[in-house]
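Colleague: I am new to this structure and would be grateful for a close look at a single part of it. Please choose one region and take me through it step by step, from its framework to its details.

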Amino acid sequence: MTDLSKYRNIGIFAHVDAGKTTTTERILKLTGKIHKLGEVHDGAATTDFMVQEQERGITIQSAATTCFWKDHRFNIIDTPGHVDFTIEVYRSLKVLDGGIGVFCGSGGVEPQSETNWRYANDSEVARIIYVNKLDRIGADFYRVVKQVETILAARPVVMTLPIGIEDQFKGVVDLLTEKAYVWDDSGLPENYTVTEIPADMVAKSKEWREKLVEAAVEQDDEVMEKYLEGEIPDIPTLKRCIRKGTVALNFFPTYCGSSFKNKGVQLVLDGVVDYLPCPTEVKPQPIVDLEGTDTGEVALVTADAPLRALAFKIMDDQYGALTFTRVYSGRLQKGDTILNTATGKTERIGRLVEMHANSRNELDSAQAGDIIALVGLKNIQTGHTLCDPKNPATLEPMVFPDPVISLAVAAKDKANAEKLSIALGKMVQEDPSFRVETDQESGETILKGMGELHLDIKVDILKRTHKVEVEVGKPQVAYRETITKRTEDAYTHKKQSGGSGQYAKIEYVIEPGEPGAGFTFESAVVGGNVPREFWPAVEKGFRLSVVKGTLAGYPLVDLKVTLTDGGFHAVDSSAIAFEIAAKAAYRQTVPKAAPQLLEPIMKVDVFTPENHVGDVIGDLNRRRGMIQSQESGPTGVRIKAEAPLSDMFGYIGDLRSMTSGRGQFSMEFSHYSPCPRNVAESVMAEAAKAKEKK
């Protein structure tokens, strides 16, 4: 039986370019998992193994690997930082027990760090903070610590202080042991000496150690009492208290260093061992029924309980489909038959593997606490629960946001058309934030995703990985429609053509619903003018109709329909007659209810050097952007704005040319808002033109 207290399931997450992948490389080198360091800028990092990742120098999909440090097993997931791939962070955090939040020493708390931090708070994941890149110009450890407090509203407990800064950065002071770790100029992580704290840092170290001790003793009343009586707790007691506070999310131990220069990473690894929880110390996963309602039961983290595992990622490689799985309770062995509660089907486990980026080790079994991959499972999707067929249970499923941008693709010829549908099927399985639809009228294949880069990479994967030749249309915005006026109306459906006819009369009110409520239906019919058995047919007719608005054919949202009265015929009325009546009523009444086009508004976060601020703000105003705030930092200005997605296409190119290549931005969906009249008219004209073509 494996000792679960020696397990750490951790993720590394941060803003794009804060150094997550480089930090992962250093961890793998220090733990002996790899012997030669690969650099992101050379396209040689272990966990960035996709061609697209190596070319662009960014992480696109989360990669899993396992290594050992001081008798502890680390299952590590390196996640992407780019906003278009936050779904990878979200689903990784869902199955992790702890995390390392990496922040750039000069960039500080950047936009994507905020989003990831929010996800980690939602998933209640304990974290330690690592302020990286302290060798960079403009690096300031203390400023980043302050930003963690003000921007993230989190409480950092500083564990190490930097010795020197920028090109003078040479080591760290460990506040717990009150020793200095100083690295030489060889650049090798193991070439360091442990010495006394430099004389000019003694006072500062004392001040920060006091803060550390005060935060730690707050976690234990007995230790607190002794401390107030003047007794300073010993190191094991402090570690125990810090661990307790970290697991309870009361605070976050904060380290500093430079991964690229191999300084300070060992202490971060010690922090993972000392303070991040093992699988048995986190809140057990709740078990829900098939409707998603909490049953009050939990998946206990023990190998002796029935099997409960969650498929959190699906990846296709040259050996077949890999299903990354977190085992929450029970055991899983080669040859076992398991039940997928989402499909109701059983499958046999052919092979179990432990992943190291894109290479693998064969396993015979896995147990509670493990993160492994299963080879060759069919009909499985992200978020499905795998369990013991004799003891079925469903774990809390994952919820994914709706895409905001779409793109039409068409295969160049018939041979490619077949390859396209197979490739897209695999890609949809791998990425739940990527959707594929077929336009019924034009027959076009529509790809939907989270942003321009997201779809750009999907098309690249289609062409290079799946060797499908496709023609690509322009990116399209996912508009919505709604109504703004309450309207009462009636509709009668009559059809007589020999034999029994069709008859249905409905009187109804349509009105704007609560924002975000979607479609709601209720019946206020009294006296049986519309028999109760026909109410669902009326609801179905309206529900099927709202997928197409009357202005430009976009889905209609936030609509409330109340059936008030009507009439029926004893022989000619049927459910189908009432459904047809509801569909016709929708087409008749929605145009009278002052329909309005809504457009997606994005939260835009732009970083620009100070001398380009005027240009950037002017450009955002031209794109109908509303500036929310601007904040100056040592290396530039951060501008937060809201802007419509339709005006943000191609923004990265314009921003780079405006800022001589130094500007950065991230963008995520915020809300839907009414379109200005001129925009609505041009969208409707486009829709009419497209209809004529068909």
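Modeller: The account below follows one sheet, the helices packed on it and a loop that leads into it. The model is a predicted one, and the description should be read in that light.

The framework comes first. Four strands make up an open sheet, and their order across it is β30-β31-β33-β32. The pairing within this sheet is mixed. Its edges are formed by β30, residues 487-495, and β32, residues 519-523. Each of these two has a single partner strand, so one side of each is left without a neighbour in the sheet. Direction ignored, neighbouring strands here are turned against each other by 25° on average.

At one edge the pairing can be followed in detail. Strand β31 covers residues 502-512, and nine bridges join β30 to it. The two strands run antiparallel. One residue pair helps to locate this pairing in the picture: Y491 has I506 of β31 as its bridge partner.

Two helices accompany the sheet. Helix α12 packs on it and touches β31, β32 and β33, the last of these being residues 559-567. The direction of α12 makes about 155° with that of β32. Helix α13 lies across β30, β31 and β33, and runs at about 40° to β31. Thus β31 and β33 are among the strands touched by α12, and α13 lies across both of them as well.

How do the helices meet each other? The packing of two helices is described by the angle between their axes and the distance between those axes. Here α12 (residues 535-545) and α13 (residues 575-589) pack at an angle of about 40°, and their axes are 7 Å apart. The two helices are therefore oblique to each other. The crossing in which α12 passes α13 is right-handed.

The residues that make this contact can be listed for each side. From α12 come A537, V538, K540, G541, F542, L544 and S545. From α13 come A575, F578, E579, A582, K583, A585 and Y586. Sorted by class, the contact holds nine nonpolar residues, two polar ones and three charged ones.

One detail remains, in the stretch of chain that connects a helix to a strand of the sheet. The loop between α12 and β33 contains D558. Most residues other than glycine have a negative phi. D558 is not a glycine, yet its phi is positive, near 55°. Is this residue buried or exposed? Its relative accessible area is 14%, and buried means under 20%, so D558 counts as buried.

A residue elsewhere in the chain offers a parallel to D558. N262 has a positive phi of about 60° although it is not a glycine. Its place is also in a loop, the one between β11 and α9 (265-275). N262 is buried too, with a relative accessible area of 6%.

To return to the whole part: the sheet is open, with the order β30-β31-β33-β32. Helix α12 packs on it, α13 lies across three of its strands, β30, β31 and β33, and the two helices pack against each other at about 40°.

Key. Residues numbered from 1 in each chain as written. Predicted model: local features only at pLDDT ≥ 70, side-chain atom pairs only at ≥ 80, totals over all residues. Heavy atoms only, no water. Axes fitted to C-alpha atoms, helices over the stretch in contact; angles between N-to-C directions. Parallel < 35°, antiparallel > 145°, perpendicular 65-115°, else oblique. Left-handed = near helix turned anticlockwise from the far one by under 90°. Contact = heavy atoms within 4.5 Å. Nonpolar A, V, L, I, M, F, W, Y, C, P; charged D, E, K, R; others polar. Pairing = 2+ DSSP bridges. Buried < 20%, exposed > 50% of the residue type's maximum accessible area, 1.4 Å probe, protein only.
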